[in-house]
Amino acid sequence: MSVYTSAMLKDVPLYLADEAATIKFGVLLAHVISGAGGVITLKGDLGAGKTCLVRSLIQAMGHAGRVVSPTYTLMEPYAIGGRQVFHLDLYRLSDAEELAYLGVRDINPQHDLILVEWPENGAHMLPLADLALAIRDASSGGREISAQMGTQCGTNWWLEAVAAFKAGL
């Protein structure tokens with residue numbers, strides 16, 4: 001596993017006016033990702049919209065059931081389109097080594113998609129993020145989401161999703 005780092009490529013912000021905009025961005029991101037594997041991390045305060053974004057992404061990928069926050073279970077797997085999508089919420093993680101017991105090291109980010117809230121709590125146990133998102137309240141209301149891209153794949157996902165969002169798709 002590569003070490004999670006916040007010192008990635010660059011930081012590009014996007015304004016999301018409300019929860020509906022967050023959901024829309026999650027749907028667009030899902031369409032851009034399509035069947036690819038990889039790692040997306042999400043940072044932000046409690047209530048910033050991390051789970052809302054993940055929920056919309058997972059549902060847009062084709063999961064018809066309920067998407068729950070894995071705050072207490074730490075990880076929820078979803079079988080979607082012949083691969084696994086893993087949603088991790090590490091807010092309550094007391095020791096990053098606990099991720100080994102969950103089998104995180106056995107997940108293949110080349111094939112499976114890993115979505116991680118509170119990645120800083122998993123530190124060295126997580127693979128390098130293709131796309132690291134940070135969500136925060138905007139001074140004018142709504143939310144601001146910024147990204148740091150760790151790979152070319154993550155860069156493509158971000159740029160294509162932002163372009164689609166701005167085009168009103």
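**Packing of helices α1 and α2 and the nonpolar cores**

In this predicted model, helices α1 and α2 are oblique to each other, because their packing angle of about 45° falls outside the ranges that count as roughly parallel, roughly antiparallel or roughly perpendicular. The axes of α1 (residues 19-33) and α2 (residues 50-60) lie 7 Å apart, and α1 passes α2 in a right-handed crossing. On the α1 side, the contact is formed by Glu19, Thr22, Ile23, Phe25, Gly26, Val27, Leu29, Ala30, His31 and Ile33, which meet Cys52, Leu53, Ser56, Leu57 and Ala60 of α2. Sorted by class, the residues of this contact comprise 10 nonpolar, four polar and one charged.

Helix α2 is itself mostly covered, with eight of its 11 residues buried, namely Lys50, Thr51, Cys52, Leu53, Val54, Ser56, Leu57 and Ile58. After α2 comes Gly62, for which phi takes a positive value near 125°.

The largest nonpolar core contains 35 residues, and those with the most contacts inside it are Phe25, Leu29, Ile40, Leu131, Leu133, Ile145 and Trp158. Helix α1 supplies the largest share of this core, with seven residues. When neighbours within four places in sequence are left aside, Leu131 is in contact with Leu29, Val39, Ile40, Thr41, Ala147, Gln148, Met149, Gly154, Trp157 and Trp158. Another core, which lies apart from the largest one, has 18 residues, including Leu90, Leu93, Ile114 and Trp118.

Note on methods. Residues are numbered from 1 along each chain as its sequence is written. This is a predicted model: local features need pLDDT of at least 70, side-chain atom pairs count only at pLDDT 80 or more; totals for chains, interfaces and linings use all residues. Side-chain values use heavy atoms; hydrogens and water are left out. A nonpolar core is a set of buried Ala, Val, Leu, Ile, Met, Phe, Trp, Tyr and Cys residues joined through side-chain atoms within 4.5 Å. Buried means under 20% relative accessible area, exposed over 50%, partly exposed in between (1.4 Å probe, protein chains only). Helices (H or I, at least four residues) and strands (E, at least two) are DSSP runs, numbered from the N terminus. Contact means heavy atoms within 4.5 Å. Axes are lines fitted to C-alpha atoms, for helices over the stretch in contact, and angles run from 0 to 180 degrees between N-to-C directions. Angles under 35 degrees count as roughly parallel, over 145 as roughly antiparallel, 65 to 115 as roughly perpendicular and the rest as oblique. A crossing is left-handed if the near helix is turned anticlockwise from the far one by less than a right angle, and right-handed if clockwise. Ala, Val, Leu, Ile, Met, Phe, Trp, Tyr, Cys and Pro count as nonpolar, Asp, Glu, Lys and Arg as charged, and the others, Gly among them, as polar.
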